[in-house]
Amino acid sequence: RIPRVEELATYRPDIITEIRGSDGSTIARYAIERRILLTSAQIPAVLKNAIVATEDKNFFKHGGVDLRRTVSAVAANMRSQRYAQGGSTLTQQLARAIFLSPRKTLSRKVNEALVAFEIERRYSKDQILLMYVNEIYLGHGNYGFEAASKYYFGKSVKDLTLAEAALLAGIVQRPEDQSPFRNP
């Protein structure tokens with residue numbers, strides 16, 4: 001029961017709807033998921049580097065699953081006798097965010113790996129990173145790094161400092177717990 005990855009070609013995530021006045025000012029914003037889509041060209045190197053360094057240092061080397069990281073996570077989980085580490089790559093996180101449930105089960109993890117392999121087969125690393133940057137949840141109802149950047153720092157990702165980019169990349173795993181508003 002693996003999702004059909006070809007659906008990503010036409011996938012359009014929910015975005016913010018804005019109502020503007022005749023002068024161009026924003027009167028109201030409505031959103032189920034607060035999200036502002038970026039293009040690849042709009043993602044600064046500082047943010048790309050922060051995401052890859054924090055979430056998946058071998059992103060440009062693996063085919064969707066980092067076997068060393070997976071084995072290490074399985075060993076850590078066996079030692080602690082619980083799901084202490086996930087070991088998911090960026091591609092696996094994208095697969096989970098779009099197609100799968102967040103439940104921590106072995107069957108979900110296997111499906112996540114299979115979907116990640118299929119995503120890597122069909123899309124370039126830049127396309128995968130773009131989907132990830134626009135899809136991932138970053139706390140307080142914000143989906144994608146542009147919405148989160150505006151929420152946490154009041155500015156676009158293009159204006160992020162290294163520290164701000166690192167903070168956003170660092171809250172991906174537990175966005176509500178790691179929120180700088182809840183946990184300064």
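The following paragraphs describe a predicted model, from its overall make-up to its core, its helix contacts and two loop residues.

The protein chain contains eight helices and two strands. Along the sequence these elements follow the order β-β-α-α-α-α-α-α-α-α. Of the 184 residues in the protein chain, 42% are buried. Among the contacts with a separation of 6 or more, 56% join residues 24 or more positions apart.

In soluble globular proteins, nonpolar side chains tend to be buried together. Here the largest nonpolar core comprises 35 residues, and Leu8, Leu47, Ile51, Ile119 and Phe145 are those with the most contacts inside it. Two or more residues of this core come from each of helix 1 (45-55), helix 3, helix 4 (106-122), helix 5, helix 6 and helix 7. Leucine 8 illustrates how the core is joined: with residues up to four places away in sequence set aside, Leucine 8 touches Ile98, Phe99, Ile119, Tyr123 and Met131.

Helix 5 deserves separate attention. Eight of its eleven residues are buried, so helix 5 is largely enclosed by the rest of the structure. The buried residues are Lys125, Ile128, Leu129, Met131, Tyr132, Val133, Asn134 and Glu135. They pack against helix 1, helix 3, helix 4 and helix 6.

One of these partners, helix 3 (residues 90-99), has an axis that comes within 10 Å of the axis of helix 5 (residues 125-135), and the two cross at roughly 50°. Helix 3 is therefore oblique to helix 5. The crossing of the two helices is left-handed. On the side of helix 3, the contact involves Leu90, Thr91, Gln93, Leu94, Ala97 and Ile98, which meet Ile128, Leu129, Met131, Tyr132 and Glu135 of helix 5. By class, the residues of this contact are eight nonpolar, two polar and one charged. Within helix 5, Ile128, Leu129, Met131, Tyr132 and Glu135 also appear among the buried residues.

A second helix pair is formed by helix 6 (residues 145-153) and helix 7 (residues 162-170), which pack at an angle of about 115° with their axes 11 Å apart. Helix 6 passes helix 7 in a right-handed crossing. Phe145, Ala148, Ser149, Tyr152 and Phe153 of helix 6 meet Glu164, Leu167, Leu168 and Ala169 of helix 7. Seven nonpolar residues, one polar and one charged make up this contact. Phe145 links this helix pair to the core described above, where it is among the residues with the most contacts.

Two residues in loops complete the account. Threonine 89 lies in the loop between helix 2 (67-80) and helix 3. Its relative accessible area is 0%, so threonine 89 is buried. Beyond its neighbours within four places in sequence, threonine 89 is in contact with Asp56, His62, Gly64, Val65, Asp66 and Arg69.

Histidine 140 is found in the loop between helix 5 and helix 6. Most residues other than glycine have a negative phi. Histidine 140, although not a glycine, has a positive phi of about 55°. Histidine 140 counts as buried because its relative accessibility is 16%, and the limit for a buried residue is under 20%.

Technical notes
Residues numbered from 1 in each chain as written. Predicted model: local features only at pLDDT ≥ 70, side-chain atom pairs only at ≥ 80, totals over all residues. Heavy atoms only, no water. Axes fitted to C-alpha atoms, helices over the stretch in contact; angles between N-to-C directions. Helix = DSSP H or I, 4+ residues; strand = E, 2+ residues; numbered from the N terminus. Left-handed = near helix turned anticlockwise from the far one by under 90°. Contact = heavy atoms within 4.5 Å. Nonpolar A, V, L, I, M, F, W, Y, C, P; charged D, E, K, R; others polar. Parallel < 35°, antiparallel > 145°, perpendicular 65-115°, else oblique. Core = buried A, V, L, I, M, F, W, Y, C linked by side-chain atoms within 4.5 Å. Buried < 20%, exposed > 50% of the residue type's maximum accessible area, 1.4 Å probe, protein only.
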